[in-house]
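Welcome, and thanks for taking a look at this one. Here is a short briefing to read alongside the sequence and the model.

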Amino acid sequence: MSGHDGTSDAAGRRPSLPARLFFFAFDLLAGRRTTLHKLSLLERLASVPYRAWEKRACQRLGRGTGDPGARRRSQELIAWARAAQDNEHGHLLALQALVGAEKLRRPWYGAGWAVRSVSAFYRLLSWALARACLRCALRFNAEFEEHAERTYVRFAAEHPEWEGRPLPV
């Protein structure tokens, strides 16, 4: 769990009001304290916008626009979104391995119904943002990723004993 030095300065700007409201609601749901379960929920949500953007780009391709530039941009967005989803899934698998190795009790917000509910809300939000304004959706996701990074950095600082610890297999 190393590699976090200097990353706490990732946020170059203050998050937008919608992002701050989302983070506040997330902390109300999962608590202010950073835990492996809270990080796991963050990672479950992290791939949601990429799926929404991929879906939007696939729909654009399906409409068969005659503009080769638009087709190329959609194909590039699909490839990028799929790679980002794979990256987020790798993070989730690592966190789930840590949760399993630590034999941690699952909090209420880790229950299947709660995860599905939060994911459905975030999926709807991501879809609506992508439909209304892809640029706004990208900015919101950048704010989400910066928030997640700050959360990881804070967690790593609170757990120096995990520095250099190999991930369980």
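The points below go from the overall fold to the surface and then to one helix.

This is a predicted model. The protein contains six helices and zero strands, and a good place to begin exploring is helix α2, which is largely enclosed by the rest of the structure because 10 of its 11 residues are buried.

**Fold and dimensions**
- Starting at the N terminus, the order of elements is α-α-α-α-α-α.
- Along the principal axes, the C-alpha atoms take up a box of roughly 55 × 35 × 30 Å.
- The radius of gyration is 17 Å, which agrees with the value near 15 Å for a compact globule of 169 residues.
- Among contacts with a separation of 6 or more, 81% join residues 24 or more positions apart.

**Burial, surface and charge**
- Of the 169 residues, 38% are buried.
- The exposed area is about 10,000 Å², with 58% of it supplied by carbon and sulfur atoms.
- There are 27 positive and 17 negative side chains, and the centres of these two sets are 10 Å apart.

**A closer look at α2**
- Helix α2 spans residues 36–46.
- Its buried residues include the leucines Leu 36, Leu 39, Leu 41, Leu 42 and Leu 45.
- Lys 38 and Glu 43 are buried in α2 too, as are His 37, Ser 40 and Ala 46.
- Which helices help to cover the buried residues of α2? The cover includes α1 (17–30) and α3 (48–62), along with α4 (68–102), α5 (112–132) and α6 (134–158).

Notes
Residues are numbered from 1 along each chain as its sequence is written. This is a predicted model: local features need pLDDT of at least 70, side-chain atom pairs count only at pLDDT 80 or more; totals for chains, interfaces and linings use all residues. Side-chain values use heavy atoms; hydrogens and water are left out. Helices (H or I, at least four residues) and strands (E, at least two) are DSSP runs, numbered from the N terminus. The radius of gyration is taken over C-alpha atoms; the globule rule is 2.2 Å times the number of residues to the power 0.38. Buried means under 20% relative accessible area, exposed over 50%, partly exposed in between (1.4 Å probe, protein chains only). Contact means heavy atoms within 4.5 Å. Accessible areas come from the Shrake-Rupley method with a 1.4 Å probe; for residues, only the protein chains shown count as cover. Lys and Arg count as positive and Asp and Glu as negative; His and the chain ends are not counted. The place of a charge is taken as NZ of Lys, CZ of Arg, CG of Asp or CD of Glu.
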